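This briefing covers helix packing, nonpolar cores, selected side-chain contacts and backbone outliers. It refers to the sequence and structure shown below.

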Amino acid sequence: MGHPTTESTRIGVISDTHGLLRPEAVAALRGSKRIVHAGDIGDESILRNLESIAGVTVVRGNTDTDAWCRKLPPTAVLDVDGVRIYVVHDIERLDIDPPAAGVDVVVFGHSHRPGIEQRGSVLYLNPGSAGPRRFNLPVTVAHLTVEAGRATAKIIEIVAST
């Protein structure tokens, strides 16, 4: 585990693109040191486009069934400046006890509903959906900022509601 630094590190968090990587999402993720995609990618080119911004940590979503998706893991762990981030597409499939596993942040997608919730020592972050609009849910990504060994999150609406 790394030592916390006084600098802040921004991680761009995106999920549920379902084949659509909007230019607004790309713009919102620029400047990130790392990008996390929490699944339901929909098209392999989306990962290549995200990799042109920063290194990408990705998990497979329930709709990621094409041959290229088979190499994607169902979960991922990322350590950033002393903060441990666990990524899973569907929170119902969380297969660990985050505090016992030393996890500080759980990133997930699937529901298309953006949310930030602190439960005890663990921050739960759903960046919402950045792909095609579903129902009347917002189109969003998130910024996860790691500073002094702590993580804070912010939801960014990238397309104004109609």
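In this predicted model, the buried residues of helix H2 pack against four elements: strand S1 (8–14), helix H1 (23–29), strand S2 (34–37) and strand S3 (55–58). The residues concerned are Ile46, Leu47 and Leu50, in a helix that spans residues 44–51. Because they cover an arc of only 100° around the axis, they sit on the same side of H2.

**Start of helix H2**
- Asp43 caps the N-terminal end of H2.
- In this cap, a side-chain oxygen of Asp43 lies 2.9 Å from the backbone nitrogen of Ser45.

**Nonpolar cores**
- The largest nonpolar core has 23 residues, and Ile14, Leu50, Val141 and Ile158 have the most contacts inside it.
- Two or more residues of this core come from each of H1, H2, S3, strand S9 (139–147) and strand S10 (150–159).
- H1 gives the largest share of this core, four residues.
- A second, separate core has 19 residues, among them Ile11, Ile85, Val105 and Val107.
- Leu50 is thus named twice: as a buried residue of H2 and among the residues with the most contacts inside the largest core.

**Surroundings of Ile14**
- Which residues are in contact with Ile14, leaving aside its neighbours within four places in sequence? They are Leu21, Ala25, Leu29, Ile35, Val36, His37, Ala38, Leu50, Pro127, Ala130 and Val141.
- Of these contacts of Ile14, Leu50 and Val141 are also listed with Ile14 as having the most contacts inside the largest core.

**His89 and its polar contacts**
- His89 is placed in the loop between strand S5 (83–88) and strand S6 (105–107).
- Is His89 buried or exposed? At 4% relative accessibility His89 counts as buried, because the cut-off for buried is under 20%.
- Its side chain reaches the backbone oxygen of Ala38 at 2.7 Å.
- The side chains of His89 and His110 are joined by a polar contact of 3.2 Å.

**Lys154 on strand S10**
- Lys154 belongs to strand S10 and is exposed, with a relative accessible area of 53%.
- Leaving aside neighbours within four places in sequence, the contacts of Lys154 are Ile116, Val141, Ala142 and His143.
- Lys154 and Val141 are 13 residues apart along the chain, and their C-alpha atoms are separated by 8.7 Å.
- Val141 is therefore in contact with an exposed residue, Lys154, as well as with Ile14.

**Rings**
- The count of aromatic pairs comes to zero.
- Arg119 lies over the face of Tyr124, at 3.9 Å from the ring centre.

**Positive phi outside glycine**
- Most residues other than glycine have a negative phi.
- Asp16, which is not a glycine, has a positive phi of about 50°.
- Asp16 is in the loop between S1 and H1 and counts as buried at 0% relative accessibility.
- Ala148 has a phi near 55°, also a positive value in a residue other than glycine.
- Ala148 lies in the loop between S9 and S10 and is exposed, with a relative accessible area of 52%.
- Asp16 is thus a buried case of positive phi, whereas Ala148 is an exposed one.

Conventions
Residues numbered from 1 in each chain as written. Predicted model: local features only at pLDDT ≥ 70, side-chain atom pairs only at ≥ 80, totals over all residues. Heavy atoms only, no water. Phe/Tyr/Trp six-rings, centres within 6.5 Å; stacked < 30°, edge-to-face > 60°. Lys NZ or Arg CZ within 6 Å of the ring centre and 35° of its normal. Buried < 20%, exposed > 50% of the residue type's maximum accessible area, 1.4 Å probe, protein only. Arc of directions from axis to C-beta. Contact = heavy atoms within 4.5 Å. Polar contact = N/O pair within 3.5 Å; in protein donor to acceptor, adjacent residues only side chain to side chain. Core = buried A, V, L, I, M, F, W, Y, C linked by side-chain atoms within 4.5 Å.
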